[in-house]
Amino acid sequence: MKMDRKTLQQKVLDFFDKNSNLLIAVILVFALILRLKYLTINQAVWYDEAEYLSVAKNWAFNLTSYQLHYVRPPFIPFIMAIMYKIGFGELGMRVLMLIFSMTGVIFTYLVGKEIFNKWVGIISSFLMSVFYVNLFYTARILTDLPSTTLWLISMWLFWKGVIRKQSKWYVWLLGPSLVAGVLIRFPLGLIIFIFLLYLIVAEGFGFLKNKNLWIGVSAAAVCFVPYSIWYYQTYSKIPILGPLGFYGAFSQLSSYIRLTPIVFQSPIPGLVNISSYFGHSLLLLLIIGILITLFNLIVGYDILRKDESLKKNILILLWIIIPFIFFAFLAGQIAEDRYLSYIYPATFFIISLVLVKIYNLIRKFNLIPALGVVLLILILSAVAQIGYADRIIKIKSTSYIQFREAGSWIKENSNQSDKIIAAGEPQLNYYSERNVIYWPEDYEIDEFIKNNKDVRYIVLSSLERTSEWTYSWPQENQDKVVPVKAYTDSQQKPILIIYEVKR
């Protein structure tokens, strides 16, 4: 019987080993199906989405004077402008996000496999495929997901080219990859600090003699020059430093700590109500993995540069710590799950490593329970993540739809030269294809309307708030404006009103 059990275990192991590529294919197909389900579910775009889309449409067709804010990088709207020019519409932009999302799942596998092993790559890619943050923002036209994909690509090039020295082409392509990523979302530049600190700690300063690395740096500089010239001419500011000065630094540490159980939700039956932290399997595995990693580094600090495993631990910890410090203390933005998108692949690698350790430990006694424990954790986690993603995607799918309806109405009931006074400029600009001006000050509004004969409509909403005086101004100035269109919320309360200026 012992021989039979051993033979059965070996057959199971051989099956999974020989069919690992098929397993990855199944994960990718599953990931694609999940993402296609939500591809067109959102009925209106949000402020940030509309800004990129408005800029892209303006660059492509010169419809309005709308310009990109200096804190926003231009690469995504530049790509979308080209897509608009060759005939793609909003659906094309959503497909672009889908491509970035799927590429991110693929490179999660590739990076995990390269740095650790095949099974870490497979488990991590599965977690990324069902991760609610990834699913939610695949359905949104924002830069967080494309930026994360470029982060993973850059990490893959770095490991294969700089660390493993497999080909000079990996090193040469690393520079342009980093520039593309930074021009999608500026904080991607944090990965450069991770690379530098890792090389200094793990290898000393010998990397400075790497000729191919300097070629990659030169390629990056060449790619960055055109943007730098454009940025300075457009905004009269120094690239990168300009956006850094926009936000004031303040701590969001407590907010991100409270957010953590939501991000890694994977309820353990009976425990999640007792402890939001230790009641989630993924979070518990992550904490265990980080503690093991720290313990290994403390114990083996004297052999760090000789031990490949310890070097990998250093890289993963830097991968998590540096972006976390930036967004928790320096970014000057309200805490959101998407801001830590760079970190999530590294956390999945740590979780996967712990799962592999658990599997190997139980397998010494019996293979079937070992597989069962791992699969149970992954399945329960997937169900929780997919369920949460489905709920919030559907809840948010109609948000800001009043701006879409208002913008479409204004487009049909105005001339190209007409202007609008409103908050929510990018949404109204995108849907109306008219120039939108933010509210002047209360002491300027009368004179402004009088001197600007092309101001046709004024829009007020509770979705994009303006100063309190603006909400009473139309009622107090009925001789100047008249309400022509109103949109209500689910309780039939006015949520957006369009006023026409009397001429």
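# Notebook: salt bridges, a sheet and a surface patch

I began with one pair of side chains: Glu336 and Arg338 form a salt bridge, with N and O 2.7 Å apart. The model I am reading is a predicted one. I then looked up how covered the two residues are. Glu336 is partly exposed, at a relative accessible area of 28%. Arg338 has a relative accessible area of 9% and is buried.

**Entry: the network around this pair**

I asked which other residues are linked with Glu336 and Arg338 by salt bridges. The network also takes in Asp48, Glu51, Arg72, Asp144 and Arg185. For the structure as a whole I noted a count of 20 salt bridges.

**Entry: Glu433 and Lys57**

Next I looked at a salt bridge between the side chains of Glu433 and Lys57, where the N to O distance is 3.2 Å. I wanted to know where the two partners lie. Glu433 is in the loop between helix H19 (425–432) and strand E2 (435–437), and Lys57 is in helix H3 (residues 47–61), so this pair ties together parts that are 376 residues apart in sequence. I checked whether Glu433 is buried or exposed. Glu433 is buried, with a relative accessible area of 15%. Lys57 is buried as well, and its relative accessible area is 12%.

**Entry: Glu425**

I stayed with helix H19, where Glu425 is found. Glu425 counts as buried, because its relative accessibility of 17% is under the 20% limit. I recorded its contacts, setting aside residues up to four places away in sequence: Glu425 touches Tyr47, Tyr66, Val436 and Tyr438. I also took a distance to Glu51, one of the residues in the salt-bridge network. The C-alpha atoms of Glu425 and Glu51 are 8.3 Å apart, while 374 residues separate them along the chain.

**Entry: the sheet**

I then traced the strands. Five of them make an open sheet in the order E2-E1-E3-E5-E4, and the pairing is mixed. Which strands are at the edges? They are E2 and strand E4 (481–488), each of which pairs on one side only. From one strand to the next, the twist averages 25°.

I went through the pairs of strands in turn. Strand E1 (residues 419–421) runs parallel to E2, and three bridges join them. Here I found Ile421 opposite Ile437 in E2. I also noted a helix on the sheet: helix H21 (residues 468–476) packs there and touches E3, E4 and E5, with its direction at about 125° to that of E3.

E3 and E5 run antiparallel and are joined by five bridges. I looked up the bridge partner of Ile458 in E5, and it is Tyr499. E4 and E5 are also paired in the antiparallel sense, over seven bridges. For Pro483, I found that the bridge partner in E5 is Tyr499. The hairpin of E4 and E5 has five residues between the strands, and there Gln492 takes a positive phi near 65°.

**Entry: Arg456 and Glu500**

I returned to salt bridges, this time within the sheet strands. Arg456 forms one with Glu500, and the closest N and O atoms are 3.1 Å apart. Arg456 is in strand E3 (residues 455–461) and Glu500 in strand E5 (residues 494–501), so the pair ties together parts that are 44 residues apart in sequence. I looked up the cover of both. Arg456 is partly exposed, with a relative accessible area of 24%. Glu500 is partly exposed too, with a relative accessible area of 24%.

**Entry: Gln333**

I picked a residue outside the helices and strands. Gln333 lies in the loop between helix H15 (308–330) and helix H16 (344–363). Is Gln333 buried or exposed? Gln333 is buried, at a relative accessible area of 19%. Leaving aside neighbours within four places in sequence, I listed Tyr247, Phe250, Gln252 and Tyr339 as the residues in contact with Gln333.

**Entry: a patch on the surface**

Last, I looked at the surface. Phe78, Ile82, Ile86 and Phe88 make a nonpolar surface patch of about 420 Å². I looked up where Phe78 sits, and its place is in helix H4 (residues 75–85). Phe78 is partly exposed, with a relative accessible area of 45%.

Terms used. Residues numbered from 1 in each chain as written. Predicted model: local features only at pLDDT ≥ 70, side-chain atom pairs only at ≥ 80, totals over all residues. Heavy atoms only, no water. Patch = residues over 30% accessible without salt bridge, like charges linked within 9 Å, V, L, I, M, F, W, Y side chains within 5 Å. Areas by Shrake-Rupley, 256 points an atom, 1.4 Å probe, with all protein chains shown as cover. Salt bridge = Lys/Arg side-chain N within 4 Å of Asp/Glu carboxyl O. Helix = DSSP H or I, 4+ residues; strand = E, 2+ residues; numbered from the N terminus. Buried < 20%, exposed > 50% of the residue type's maximum accessible area, 1.4 Å probe, protein only. Pairing = 2+ DSSP bridges. Axes fitted to C-alpha atoms, helices over the stretch in contact; angles between N-to-C directions. Contact = heavy atoms within 4.5 Å.
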